[in-house]
Amino acid sequence: MDIKKLIESRMGENYSLHHQYVNRTLVQVQKIIGFDKVYTRAKGAYLYDKEGNKYLDFLGGFGVFAVGRNNQSVKKVIEDVLDMDLPNMVQMDSALLSGLLAEALVKRFLNCGQPHLNAVFICNSGTEAVEGAIKFARAATRRPRILSLDNSFHGLSMGSLSVSANPYFHEGFGPFLPGCEHVAMGDLNGLEHELKKGDVAAFLFEPVQGKGVHFPQDDYFIEAQKLCRKFGTLLICDEVQTGLGRTGKWFGFEHWHIEPDIVTLAKALSGGYVPCGAIITRREIYQKVFNRLDRCIVHSSTFGRNNLACACGLATLSILEENKLVENAKNCGEKIETALIGLQKKYEWIKEVRVKGLMIGIEFGEPKSITGKMAWKTIHAMDKGLFPQLIVSALMAKHRILSQVAANNQDIVKCLPPLIIGDEEINYFISSLDEVLAELKKFPGPLWTLGTNFMKAMKSQAEN
(Lines give C-alpha, C1' and ligand atoms only; values in the text may rest on other atoms or scores of the structure.)
Protein backbone atom coordinates (compact mmCIF):
# COMPACT_ATOMS: atom_id res chain seq x y z
CA MET A 1 0.00 0.00 0.00
CA ASP A 2 1.19 3.50 -0.82
CA ILE A 3 -0.12 5.17 2.34
CA LYS A 4 1.12 8.62 1.33
CA LYS A 5 -0.78 8.45 -1.94
CA LEU A 6 -3.89 7.15 -0.14
CA ILE A 7 -3.85 10.00 2.37
CA GLU A 8 -3.25 12.66 -0.27
CA SER A 9 -6.03 11.35 -2.51
CA ARG A 10 -8.63 11.05 0.27
CA MET A 11 -7.76 14.13 2.34
CA GLY A 12 -10.91 16.15 2.97
CA GLU A 13 -13.17 13.10 3.32
CA ASN A 14 -12.44 13.01 7.06
CA TYR A 15 -15.86 13.92 8.36
CA SER A 16 -17.89 12.00 5.79
CA LEU A 17 -15.89 8.86 6.59
CA HIS A 18 -16.42 9.29 10.32
CA HIS A 19 -20.11 10.02 9.83
CA GLN A 20 -20.49 6.86 7.81
CA TYR A 21 -18.26 4.44 9.73
CA VAL A 22 -17.30 5.86 13.14
CA ASN A 23 -19.01 8.30 15.56
CA ARG A 24 -21.55 10.32 13.61
CA THR A 25 -22.83 12.04 16.76
CA LEU A 26 -19.36 13.46 17.39
CA VAL A 27 -19.17 14.64 13.79
CA GLN A 28 -22.48 16.47 14.22
CA VAL A 29 -21.21 18.23 17.33
CA GLN A 30 -17.92 19.18 15.69
CA LYS A 31 -19.81 20.81 12.82
CA ILE A 32 -22.15 22.68 15.15
CA ILE A 33 -19.37 24.19 17.27
CA GLY A 34 -17.10 24.95 14.31
CA PHE A 35 -14.40 22.38 15.03
CA ASP A 36 -14.83 20.51 11.73
CA LYS A 37 -11.46 21.55 10.32
CA VAL A 38 -9.37 19.40 8.02
CA TYR A 39 -5.87 19.51 9.47
CA THR A 40 -3.09 18.44 7.14
CA ARG A 41 0.03 19.25 9.14
CA ALA A 42 1.15 19.76 12.73
CA LYS A 43 4.29 21.13 14.32
CA GLY A 44 5.07 22.07 17.90
CA ALA A 45 2.22 24.14 19.32
CA TYR A 46 0.42 24.56 15.98
CA LEU A 47 -1.92 22.78 13.58
CA TYR A 48 -2.39 23.71 9.92
CA ASP A 49 -5.46 23.11 7.78
CA LYS A 50 -5.63 22.31 4.07
CA GLU A 51 -5.88 26.01 3.23
CA GLY A 52 -2.67 26.67 5.14
CA ASN A 53 -4.34 28.43 8.09
CA LYS A 54 -2.44 28.21 11.37
CA TYR A 55 -4.14 27.16 14.65
CA LEU A 56 -2.70 27.55 18.14
CA ASP A 57 -3.20 24.27 20.00
CA PHE A 58 -4.19 24.97 23.62
CA LEU A 59 -6.06 21.65 23.74
CA GLY A 60 -2.93 19.51 23.35
CA GLY A 61 -4.69 16.22 22.69
CA PHE A 62 -6.02 16.42 26.30
CA GLY A 63 -2.44 16.65 27.58
CA VAL A 64 -0.71 14.20 25.24
CA PHE A 65 1.50 16.69 23.40
CA ALA A 66 3.71 17.91 26.24
CA VAL A 67 6.79 18.00 23.99
CA GLY A 68 4.81 19.42 21.06
CA ARG A 69 3.31 17.83 17.98
CA ASN A 70 5.61 15.81 15.72
CA ASN A 71 8.63 16.36 17.91
CA GLN A 72 11.59 15.53 15.68
CA SER A 73 13.66 13.99 18.47
CA VAL A 74 10.90 11.50 19.26
CA LYS A 75 10.43 10.83 15.56
CA LYS A 76 14.15 10.11 15.16
CA VAL A 77 14.07 7.59 18.01
CA ILE A 78 11.15 5.77 16.37
CA GLU A 79 12.95 5.68 13.02
CA ASP A 80 16.11 4.35 14.66
CA VAL A 81 14.26 1.56 16.45
CA LEU A 82 12.42 0.56 13.28
CA ASP A 83 15.69 0.49 11.34
CA MET A 84 17.16 -1.98 13.85
CA ASP A 85 14.52 -4.65 13.11
CA LEU A 86 14.43 -5.60 16.79
CA PRO A 87 12.28 -8.48 17.98
CA ASN A 88 9.09 -7.03 19.43
CA MET A 89 6.49 -8.39 21.86
CA VAL A 90 8.02 -11.85 22.03
CA GLN A 91 6.04 -12.02 25.31
CA MET A 92 7.99 -14.86 26.93
CA ASP A 93 11.09 -12.71 27.20
CA SER A 94 12.22 -9.58 29.03
CA ALA A 95 12.85 -6.96 26.35
CA LEU A 96 15.60 -4.37 26.70
CA LEU A 97 13.62 -1.20 25.88
CA SER A 98 10.87 -1.86 28.45
CA GLY A 99 13.56 -2.48 31.06
CA LEU A 100 15.30 0.76 30.14
CA LEU A 101 12.06 2.74 30.37
CA ALA A 102 11.31 1.23 33.77
CA GLU A 103 14.81 2.15 34.94
CA ALA A 104 14.44 5.71 33.67
CA LEU A 105 11.10 6.16 35.44
CA VAL A 106 12.43 4.84 38.74
CA LYS A 107 15.40 7.22 38.48
CA ARG A 108 13.04 10.12 37.81
CA PHE A 109 11.01 9.31 40.94
CA LEU A 110 14.24 8.93 42.92
CA ASN A 111 15.29 12.42 41.81
CA CYS A 112 11.94 13.69 43.06
CA GLY A 113 12.54 12.24 46.51
CA GLN A 114 10.44 9.09 46.04
CA PRO A 115 12.95 6.18 46.37
CA HIS A 116 10.18 3.82 47.50
CA LEU A 117 8.59 3.95 44.01
CA ASN A 118 10.92 1.37 42.51
CA ALA A 119 8.83 -1.11 40.52
CA VAL A 120 7.16 -0.44 37.17
CA PHE A 121 4.39 -2.03 35.12
CA ILE A 122 4.20 -0.73 31.54
CA CYS A 123 0.84 -0.65 29.77
CA ASN A 124 -0.93 1.26 26.98
CA SER A 125 -3.05 4.05 28.42
CA GLY A 126 -4.21 6.01 31.42
CA THR A 127 -7.40 4.08 31.95
CA GLU A 128 -5.45 0.80 31.75
CA ALA A 129 -2.97 2.12 34.31
CA VAL A 130 -5.81 3.00 36.68
CA GLU A 131 -7.41 -0.42 36.18
CA GLY A 132 -4.09 -2.04 37.07
CA ALA A 133 -3.60 0.22 40.09
CA ILE A 134 -6.97 -0.87 41.47
CA LYS A 135 -5.95 -4.51 41.11
CA PHE A 136 -2.55 -3.88 42.69
CA ALA A 137 -4.14 -2.15 45.69
CA ARG A 138 -6.64 -4.92 46.26
CA ALA A 139 -3.99 -7.62 45.92
CA ALA A 140 -1.65 -5.85 48.34
CA THR A 141 -4.23 -5.10 51.05
CA ARG A 142 -6.80 -7.88 50.55
CA ARG A 143 -9.42 -5.17 50.93
CA PRO A 144 -12.32 -4.58 48.51
CA ARG A 145 -13.12 -0.86 48.54
CA ILE A 146 -11.64 2.07 46.60
CA LEU A 147 -12.34 5.68 47.58
CA SER A 148 -11.99 8.55 45.14
CA LEU A 149 -12.99 12.21 45.09
CA ASP A 150 -16.18 13.86 43.92
CA ASN A 151 -15.83 15.36 40.42
CA SER A 152 -12.96 12.96 39.65
CA PHE A 153 -12.16 11.44 36.27
CA HIS A 154 -9.96 8.36 35.98
CA GLY A 155 -10.89 6.87 32.61
CA LEU A 156 -13.74 5.26 30.71
CA SER A 157 -13.14 1.51 30.85
CA MET A 158 -15.35 -0.23 33.40
CA GLY A 159 -13.12 -0.23 36.47
CA SER A 160 -11.75 3.28 35.96
CA LEU A 161 -15.24 4.55 35.20
CA SER A 162 -16.47 2.99 38.46
CA VAL A 163 -13.99 5.10 40.45
CA SER A 164 -14.76 8.26 38.45
CA ALA A 165 -17.31 10.37 40.30
CA ASN A 166 -19.01 12.00 37.36
CA PRO A 167 -22.67 11.16 36.62
CA TYR A 168 -22.36 12.43 33.04
CA PHE A 169 -20.05 9.54 32.13
CA HIS A 170 -22.02 7.02 34.21
CA GLU A 171 -25.34 7.38 32.44
CA GLY A 172 -26.40 4.14 30.77
CA PHE A 173 -23.38 2.03 31.74
CA GLY A 174 -24.22 0.71 35.24
CA PRO A 175 -24.08 -1.25 37.41
CA PHE A 176 -20.49 -0.48 38.26
CA LEU A 177 -17.67 -2.23 40.08
CA PRO A 178 -18.82 -2.76 43.69
CA GLY A 179 -16.91 -1.10 46.48
CA CYS A 180 -16.17 2.14 44.63
CA GLU A 181 -17.29 5.19 46.60
CA HIS A 182 -16.56 8.90 46.58
CA VAL A 183 -15.83 11.60 49.15
CA ALA A 184 -15.69 15.37 48.87
CA MET A 185 -12.35 17.11 48.42
CA GLY A 186 -11.51 18.90 51.65
CA ASP A 187 -13.80 16.80 53.84
CA LEU A 188 -11.32 15.01 56.11
CA ASN A 189 -14.06 13.90 58.49
CA GLY A 190 -15.90 12.18 55.65
CA LEU A 191 -12.68 10.50 54.53
CA GLU A 192 -11.88 9.31 58.05
CA HIS A 193 -15.42 7.99 58.47
CA GLU A 194 -14.91 5.69 55.48
CA LEU A 195 -11.30 4.72 56.25
CA LYS A 196 -11.99 3.67 59.83
CA LYS A 197 -14.25 0.90 58.53
CA GLY A 198 -11.00 -0.90 57.76
CA ASP A 199 -11.97 -2.23 54.34
CA VAL A 200 -10.60 0.50 52.03
CA ALA A 201 -7.76 -0.74 49.85
CA ALA A 202 -6.83 2.66 48.43
CA PHE A 203 -7.65 6.33 48.27
CA LEU A 204 -7.35 7.36 44.60
CA PHE A 205 -7.02 11.00 43.58
CA GLU A 206 -5.84 13.37 40.86
CA PRO A 207 -3.50 16.05 42.29
CA VAL A 208 -5.29 18.50 40.01
CA GLN A 209 -8.65 17.32 38.76
CA GLY A 210 -8.88 17.30 34.99
CA LYS A 211 -12.58 18.08 34.96
CA GLY A 212 -12.46 21.72 35.98
CA VAL A 213 -8.85 22.11 37.17
CA HIS A 214 -9.79 21.80 40.84
CA PHE A 215 -7.19 21.31 43.57
CA PRO A 216 -7.04 21.94 47.32
CA GLN A 217 -5.71 25.28 48.50
CA ASP A 218 -4.59 23.89 51.86
CA ASP A 219 -2.95 20.79 53.36
CA TYR A 220 -5.85 18.46 52.54
CA PHE A 221 -3.69 15.92 50.69
CA ILE A 222 -1.10 15.86 53.51
CA GLU A 223 -3.78 15.23 56.12
CA ALA A 224 -5.47 12.67 53.88
CA GLN A 225 -2.16 10.82 53.61
CA LYS A 226 -1.85 10.76 57.40
CA LEU A 227 -5.31 9.21 57.66
CA CYS A 228 -4.50 6.61 55.02
CA ARG A 229 -1.32 5.64 56.88
CA LYS A 230 -3.26 5.41 60.14
CA PHE A 231 -5.86 3.02 58.73
CA GLY A 232 -3.61 0.98 56.42
CA THR A 233 -5.02 2.37 53.18
CA LEU A 234 -2.81 2.85 50.13
CA LEU A 235 -2.48 6.19 48.35
CA ILE A 236 -2.93 6.03 44.55
CA CYS A 237 -1.99 9.21 42.72
CA ASP A 238 -3.47 9.48 39.22
CA GLU A 239 -0.85 11.48 37.32
CA VAL A 240 -2.14 10.52 33.86
CA GLN A 241 -2.77 14.16 32.98
CA THR A 242 -0.75 15.99 35.63
CA GLY A 243 2.44 13.93 35.38
CA LEU A 244 5.66 14.71 33.51
CA GLY A 245 5.75 18.45 33.97
CA ARG A 246 2.20 19.52 33.24
CA THR A 247 1.75 21.33 36.58
CA GLY A 248 5.19 22.94 36.63
CA LYS A 249 6.70 20.09 38.62
CA TRP A 250 7.60 16.63 37.36
CA PHE A 251 4.61 15.21 39.24
CA GLY A 252 1.56 16.95 40.61
CA PHE A 253 1.86 15.38 44.06
CA GLU A 254 5.12 17.31 44.59
CA HIS A 255 3.11 20.50 45.19
CA TRP A 256 1.86 18.99 48.46
CA HIS A 257 5.00 17.01 49.45
CA ILE A 258 3.20 13.69 49.73
CA GLU A 259 4.46 10.14 49.17
CA PRO A 260 2.03 8.01 47.13
CA ASP A 261 2.21 4.23 47.19
CA ILE A 262 1.12 3.87 43.56
CA VAL A 263 1.35 6.38 40.68
CA THR A 264 -0.27 6.09 37.25
CA LEU A 265 1.19 7.76 34.15
CA ALA A 266 0.27 7.97 30.44
CA LYS A 267 -0.60 10.74 27.94
CA ALA A 268 2.67 12.76 27.73
CA LEU A 269 4.76 9.58 28.16
CA SER A 270 3.80 8.70 24.57
CA GLY A 271 5.73 11.62 23.09
CA GLY A 272 2.59 12.19 21.02
CA TYR A 273 3.30 9.18 18.80
CA VAL A 274 2.74 5.73 20.36
CA PRO A 275 0.37 5.19 23.34
CA CYS A 276 2.27 4.41 26.53
CA GLY A 277 1.18 4.14 30.15
CA ALA A 278 2.79 2.98 33.38
CA ILE A 279 2.10 2.02 36.97
CA ILE A 280 4.92 2.85 39.38
CA THR A 281 4.71 1.41 42.88
CA ARG A 282 6.55 -0.06 45.85
CA ARG A 283 8.33 -3.33 45.20
CA GLU A 284 6.46 -5.00 48.09
CA ILE A 285 3.12 -4.07 46.52
CA TYR A 286 4.26 -5.31 43.12
CA GLN A 287 5.33 -8.67 44.54
CA LYS A 288 1.97 -9.20 46.22
CA VAL A 289 0.45 -9.22 42.73
CA PHE A 290 3.05 -11.55 41.21
CA ASN A 291 3.36 -13.59 44.39
CA ARG A 292 4.07 -17.06 42.99
CA LEU A 293 5.93 -18.48 40.01
CA ASP A 294 2.67 -19.68 38.48
CA ARG A 295 1.31 -16.11 38.76
CA CYS A 296 4.17 -14.38 36.92
CA ILE A 297 1.78 -13.09 34.23
CA VAL A 298 -1.41 -12.87 36.29
CA HIS A 299 -1.63 -9.21 35.25
CA SER A 300 -0.33 -8.43 31.79
CA SER A 301 -0.86 -6.34 28.66
CA THR A 302 -0.26 -7.65 25.15
CA PHE A 303 0.97 -4.38 23.67
CA GLY A 304 2.15 -2.83 26.94
CA ARG A 305 5.91 -3.31 26.61
CA ASN A 306 6.25 -2.82 22.89
CA ASN A 307 9.47 -1.33 21.57
CA LEU A 308 8.05 1.79 19.94
CA ALA A 309 6.05 2.85 23.01
CA CYS A 310 9.03 2.37 25.30
CA ALA A 311 11.34 4.22 22.92
CA CYS A 312 8.87 7.13 22.87
CA GLY A 313 8.74 7.12 26.66
CA LEU A 314 12.52 7.22 26.93
CA ALA A 315 12.74 10.03 24.37
CA THR A 316 10.06 12.06 26.13
CA LEU A 317 11.76 11.86 29.52
CA SER A 318 15.02 12.95 27.92
CA ILE A 319 13.45 15.87 26.03
CA LEU A 320 11.60 17.15 29.09
CA GLU A 321 14.83 17.20 31.07
CA GLU A 322 17.27 18.43 28.43
CA ASN A 323 15.00 21.27 27.29
CA LYS A 324 13.94 22.22 30.83
CA LEU A 325 10.29 21.96 29.83
CA VAL A 326 9.09 21.38 33.39
CA GLU A 327 10.62 24.71 34.42
CA ASN A 328 9.14 26.30 31.28
CA ALA A 329 5.68 25.03 32.24
CA LYS A 330 6.05 26.64 35.66
CA ASN A 331 7.23 29.97 34.27
CA CYS A 332 4.66 30.12 31.47
CA GLY A 333 1.90 29.13 33.88
CA GLU A 334 2.80 32.00 36.19
CA LYS A 335 2.67 34.45 33.27
CA ILE A 336 -0.70 33.12 32.12
CA GLU A 337 -2.11 33.22 35.65
CA THR A 338 -1.03 36.84 36.11
CA ALA A 339 -2.56 37.82 32.76
CA LEU A 340 -5.81 35.99 33.48
CA ILE A 341 -6.14 37.66 36.87
CA GLY A 342 -5.74 40.94 35.00
CA LEU A 343 -8.63 39.95 32.72
CA GLN A 344 -10.65 38.92 35.76
CA LYS A 345 -10.40 42.46 37.11
CA LYS A 346 -11.47 43.79 33.72
CA TYR A 347 -14.41 41.46 33.02
CA GLU A 348 -17.15 40.60 35.48
CA TRP A 349 -17.79 37.28 33.74
CA ILE A 350 -14.66 35.65 35.18
CA LYS A 351 -15.44 34.12 38.57
CA GLU A 352 -12.17 32.30 39.29
CA VAL A 353 -8.80 31.55 37.69
CA ARG A 354 -7.16 28.22 38.57
CA VAL A 355 -3.69 27.51 37.23
CA LYS A 356 -1.04 24.89 38.01
CA GLY A 357 1.77 25.14 35.51
CA LEU A 358 0.17 24.68 32.11
CA MET A 359 -3.04 23.21 33.43
CA ILE A 360 -5.41 26.16 33.17
CA GLY A 361 -9.02 26.53 34.26
CA ILE A 362 -11.12 29.68 33.82
CA GLU A 363 -14.45 29.53 35.62
CA PHE A 364 -17.19 31.97 34.68
CA GLY A 365 -20.05 33.19 36.86
CA GLU A 366 -23.14 35.35 36.75
CA PRO A 367 -22.22 39.06 36.42
CA LYS A 368 -23.52 41.78 38.72
CA SER A 369 -24.57 44.26 36.03
CA ILE A 370 -28.19 44.21 34.88
CA THR A 371 -27.28 43.62 31.23
CA GLY A 372 -24.80 40.92 32.19
CA LYS A 373 -27.33 39.15 34.39
CA MET A 374 -29.90 39.22 31.62
CA ALA A 375 -27.47 37.74 29.11
CA TRP A 376 -26.29 35.10 31.59
CA LYS A 377 -29.81 33.96 32.46
CA THR A 378 -30.87 33.93 28.81
CA ILE A 379 -28.03 31.68 27.69
CA HIS A 380 -28.36 29.34 30.70
CA ALA A 381 -32.08 29.02 30.08
CA MET A 382 -31.23 27.62 26.65
CA ASP A 383 -28.67 25.12 27.99
CA LYS A 384 -26.68 24.92 31.24
CA GLY A 385 -23.45 24.06 29.45
CA LEU A 386 -23.72 26.52 26.58
CA PHE A 387 -21.84 29.53 27.97
CA PRO A 388 -18.29 28.07 28.04
CA GLN A 389 -18.91 26.58 24.60
CA LEU A 390 -19.52 30.10 23.30
CA ILE A 391 -16.06 31.10 24.53
CA VAL A 392 -14.37 28.01 23.09
CA SER A 393 -16.13 28.34 19.73
CA ALA A 394 -15.36 32.05 19.49
CA LEU A 395 -11.69 31.43 20.21
CA MET A 396 -11.69 28.92 17.36
CA ALA A 397 -13.78 30.88 14.85
CA LYS A 398 -12.21 34.31 15.35
CA HIS A 399 -8.68 33.49 16.49
CA ARG A 400 -8.01 29.86 15.48
CA ILE A 401 -7.23 28.72 19.03
CA LEU A 402 -8.15 25.24 20.24
CA SER A 403 -9.38 25.01 23.84
CA GLN A 404 -12.07 22.97 25.56
CA VAL A 405 -15.13 23.04 27.78
CA ALA A 406 -13.72 21.55 30.99
CA ALA A 407 -16.72 19.75 32.46
CA ASN A 408 -20.33 18.97 31.75
CA ASN A 409 -22.74 21.71 32.90
CA GLN A 410 -19.96 23.73 34.55
CA ASP A 411 -19.02 27.17 33.28
CA ILE A 412 -15.33 26.36 32.88
CA VAL A 413 -12.96 26.71 29.94
CA LYS A 414 -9.78 24.66 30.14
CA CYS A 415 -6.44 24.86 28.35
CA LEU A 416 -3.64 22.29 28.15
CA PRO A 417 -1.02 23.83 25.86
CA PRO A 418 2.19 21.96 25.08
CA LEU A 419 5.04 22.62 27.50
CA ILE A 420 7.12 24.15 24.69
CA ILE A 421 5.12 27.39 24.41
CA GLY A 422 6.62 30.82 25.04
CA ASP A 423 5.70 34.49 25.19
CA GLU A 424 4.40 34.58 21.61
CA GLU A 425 1.76 31.93 22.27
CA ILE A 426 0.87 33.32 25.69
CA ASN A 427 0.38 36.87 24.42
CA TYR A 428 -1.71 35.72 21.48
CA PHE A 429 -3.96 33.59 23.69
CA ILE A 430 -4.50 36.36 26.24
CA SER A 431 -5.18 39.06 23.64
CA SER A 432 -7.60 36.75 21.82
CA LEU A 433 -9.47 35.87 25.00
CA ASP A 434 -9.60 39.57 25.83
CA GLU A 435 -11.31 40.26 22.50
CA VAL A 436 -13.80 37.42 22.99
CA LEU A 437 -14.73 38.63 26.48
CA ALA A 438 -15.13 42.17 25.17
CA GLU A 439 -17.71 40.83 22.71
CA LEU A 440 -19.80 39.57 25.64
CA LYS A 441 -20.58 43.16 26.59
CA LYS A 442 -22.54 43.55 23.36
CA PHE A 443 -25.89 42.04 24.33
CA PRO A 444 -27.60 41.27 22.12
CA GLY A 445 -24.65 40.82 19.80
CA PRO A 446 -22.75 38.39 17.56
CA LEU A 447 -21.55 36.09 20.35
CA TRP A 448 -25.02 35.71 21.83
CA THR A 449 -26.44 35.09 18.36
CA LEU A 450 -23.92 32.27 18.05
CA GLY A 451 -25.46 30.66 21.14
CA THR A 452 -28.94 30.88 19.65
CA ASN A 453 -27.67 29.34 16.43
CA PHE A 454 -26.05 26.51 18.41
CA MET A 455 -29.36 25.63 20.01
CA LYS A 456 -31.23 25.75 16.71
CA ALA A 457 -28.64 23.46 15.11
CA MET A 458 -28.75 21.03 18.04
CA LYS A 459 -32.54 20.95 17.94
CA SER A 460 -32.50 20.35 14.19
CA GLN A 461 -29.95 17.52 14.52
CA ALA A 462 -32.01 15.91 17.30
CA GLU A 463 -35.15 16.01 15.19
CA ASN A 464 -33.32 14.38 12.28
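Buried means under 20% relative accessible area, exposed means over 50%, and partly exposed is what falls in between. With that in hand, here are some close-ups of this predicted model.

**View 1. Arg145 meets Glu181 in a salt bridge.** The closest N and O atoms of this pair are 3.0 Å apart. The two residues come from distant parts of the chain: Arg145 sits in strand 5 (residues 145–149) and Glu181 in strand 6 (residues 180–183), 36 residues apart. Glu181 has 33% relative accessibility, so it counts as partly exposed. Arg145 is at just 6%, so it counts as buried.

**View 2. Arg145 also has Asp199 as a salt-bridge partner.** Here the N to O distance is 2.8 Å. Again the pair links distant parts of the chain, 54 residues apart, with Asp199 in the loop between helix 10 (188–195) and strand 7 (200–205). Asp199 counts as partly exposed because its relative accessibility is 24%. Step back a little and you find a network of salt bridges linking Arg145, Glu181, Glu194, Lys197 and Asp199.

**View 3. Arg354 and Glu352 form another salt bridge.** Their closest N and O atoms are 2.9 Å apart. Arg354, at 4% relative accessibility, counts as buried, while Glu352 is partly exposed, with a relative accessible area of 32%. Over the whole model, the count comes to 22 salt bridges.

**View 4. Strand 10 (residues 277–281) is mostly covered.** In fact, 5 of its 5 residues are buried. On one side you have Gly277, Ile279 and Thr281, on the other Ala278 and Ile280, and both faces are covered. Strand 4 (residues 119–123) pairs with strand 10 in the antiparallel sense over 5 bridges, and there Ile122 has Ala278 as its bridge partner. Strand 9 (residues 262–265) pairs with strand 10 too, also antiparallel, over 4 bridges. In that pairing, look for Val263 opposite Ile280.

**View 5. Phe253 lies in the loop between strand 8 (234–238) and strand 9.** With 0% relative accessibility, Phe253 counts as buried. Leaving aside residues up to four places away in sequence, Phe253 touches Phe109, Gln114, Pro207, Cys237, Glu239, Ile258, Pro260 and Val263. The last of these, Val263, is the residue that stands opposite Ile280 in View 4.

**View 6. A nonpolar patch shows on the surface.** Met1, Ile3, Leu6, Ile7 and Met11 make it up, with about 520 Å² of accessible area together. Ile3 belongs to helix 1 (residues 3–10). At 46% relative accessibility, Ile3 counts as partly exposed.

Conventions:
Residues numbered from 1 in each chain as written. Predicted model: local features only at pLDDT ≥ 70, side-chain atom pairs only at ≥ 80, totals over all residues. Heavy atoms only, no water. Buried < 20%, exposed > 50% of the residue type's maximum accessible area, 1.4 Å probe, protein only. Pairing = 2+ DSSP bridges. Patch = residues over 30% accessible without salt bridge, like charges linked within 9 Å, V, L, I, M, F, W, Y side chains within 5 Å. Areas by Shrake-Rupley, 256 points an atom, 1.4 Å probe, with all protein chains shown as cover. Salt bridge = Lys/Arg side-chain N within 4 Å of Asp/Glu carboxyl O. Contact = heavy atoms within 4.5 Å.
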